[in-house]
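Subject: Structure handover

Hi,

Here is the structure I promised to pass on. Please open it next to this email, and read the notes below with it on screen.

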Amino acid sequence: MSCDSDWAACPNTRRSVTGYVIKLGACLISWKSKKQPTVSRRSAEAEYRSIVAAVAKVTWITGLLGELGCPVSIPIPLYCVNKAAIQIASNPIYHERTKHFEIRFHFVREKIKAGLILPCFIPSSSQLG
């Protein structure tokens with residue numbers, strides 16, 4: 001699974017664009033590219049929102065695969081180009097920089113703690129596209 005965002009990409013609204021791809025083996029099974037519903041104050045926030053979208057989708061997919069009796073290897077690597085967003089997702093400590101994040105976004109931390117997701121840094125040049 002790979003996610004990214006284009007911070008403040010819309011010249012009219014300054015909203016970021018979220019994108020992710022999810023593969024099962026070598027097959028692309030889900031992808032999304034969508035303008036975020038609110039303006040992100042920092043690039044890390046925009047990236048974190050893309051992590052949230054990707055983790056929500058992969059949680060649903062793993063549940064579906066489980067119901068179909070298909071084994072899923074966990075943890076599922078989550079590739080992201082923003083180290084700050086990975087740190088925010090991985091670290092349950094309160095940060096002054098994240099106090100404005102909506103609480104519902106922090107379910108990603110629960111998925112990491114449960115061992116479903118493993119956040120991994122990847123340089124932009126190596127990102128799936």
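Below is what was found, starting with the sheet and ending with single residues.

One caveat before anything else: this is a predicted model.

**The sheet**

Five strands make up an open sheet, and their order is 3-2-1-4-5. The pairing is mixed. Strand 3 (27-35) and strand 5 (117-121) are the edges, each pairing on one side only. From one strand to the next, the twist averages 20°.

Strand 4 (residues 76-80) is a good place to look closely. Its pairing with strand 5 is parallel and runs over 5 bridges. Ile-76 stands opposite Ile-117 of strand 5. Pro-77 stands opposite Leu-118, also in strand 5. Strand 4 also pairs with strand 1, again in the parallel sense, over 2 bridges. There, Ser-2 has Tyr-79 of strand 4 as its bridge partner.

Which side chains of strand 4 point to the buried face? They are Ile-76, Leu-78 and Cys-80. Pro-77 and Tyr-79 point to the other face and are not buried. The side chains alternate along the strand.

**The helices**

Helix 1 (residues 43-67) lies across strand 1 (2-6), strand 2, strand 3, strand 4 and strand 5. Its angle to strand 2 is about 30°. Helix 2 (residues 83-90) lies across strand 4 and strand 5. Helix 2 runs at about 155° to strand 5.

**Val-55**

Val-55 is in helix 1. Is this residue buried or exposed? Val-55 has a relative accessible area of 0%, so it counts as buried. Leaving aside residues up to four places away in sequence, Val-55 touches Met-1, Leu-78, Phe-107, Val-108, Lys-111 and Ile-117. One of these contacts, Leu-78, is among the strand 4 side chains on the buried face. Cys-3 is 52 residues from Val-55 along the chain, and their C-alpha atoms are 9.4 Å apart.

**Lys-23**

Lys-23 belongs to strand 2 (residues 17-24). With a relative accessible area of 39%, Lys-23 is partly exposed. The C-alpha atoms of Lys-23 and Val-58 are separated by 9.8 Å, with the two positions 35 residues apart along the chain numbering.

**Cysteines**

How many disulfides does the structure hold? The count is 0. Cys-80 is in no disulfide, and its nearest cysteine sulfur, that of Cys-3, is 4.5 Å away. A disulfide needs the two sulfur atoms within 2.5 Å, so the pair does not qualify. Cys-80 is buried, at 1% relative accessible area. What about Cys-120, buried or exposed? The relative accessibility of Cys-120 is 19%. Buried means under 20%, so Cys-120 counts as buried.

**Rings and charges**

The number of aromatic pairs is 0. Two lysines do sit over rings, however. The charged end of Lys-57 is over the ring of Trp-60, 5.4 Å from the ring centre. The charged end of Lys-83 is over the ring of Phe-121, 4.8 Å from the ring centre.

**Where to start**

I would begin at strand 4, which pairs with strand 5 and with strand 1. Then turn to Val-55 in helix 1 and its contact with Leu-78. The cysteines and the lysines over rings can follow.

Best wishes

Conventions:
Residues are numbered from 1 along each chain as its sequence is written. This is a predicted model: local features need pLDDT of at least 70, side-chain atom pairs count only at pLDDT 80 or more; totals for chains, interfaces and linings use all residues. Side-chain values use heavy atoms; hydrogens and water are left out. Helices (H or I, at least four residues) and strands (E, at least two) are DSSP runs, numbered from the N terminus. Buried means under 20% relative accessible area, exposed over 50%, partly exposed in between (1.4 Å probe, protein chains only). Contact means heavy atoms within 4.5 Å. Rings of Phe, Tyr and Trp (its six-membered ring) pair if their centres lie within 6.5 Å; planes under 30 degrees apart count as stacked, over 60 as edge-to-face and the rest as tilted. A charge sits over a ring if NZ of Lys or CZ of Arg is within 6 Å of the ring centre and within 35 degrees of the ring normal. Two strands pair if DSSP finds at least two bridges between them. Axes are lines fitted to C-alpha atoms, for helices over the stretch in contact, and angles run from 0 to 180 degrees between N-to-C directions.
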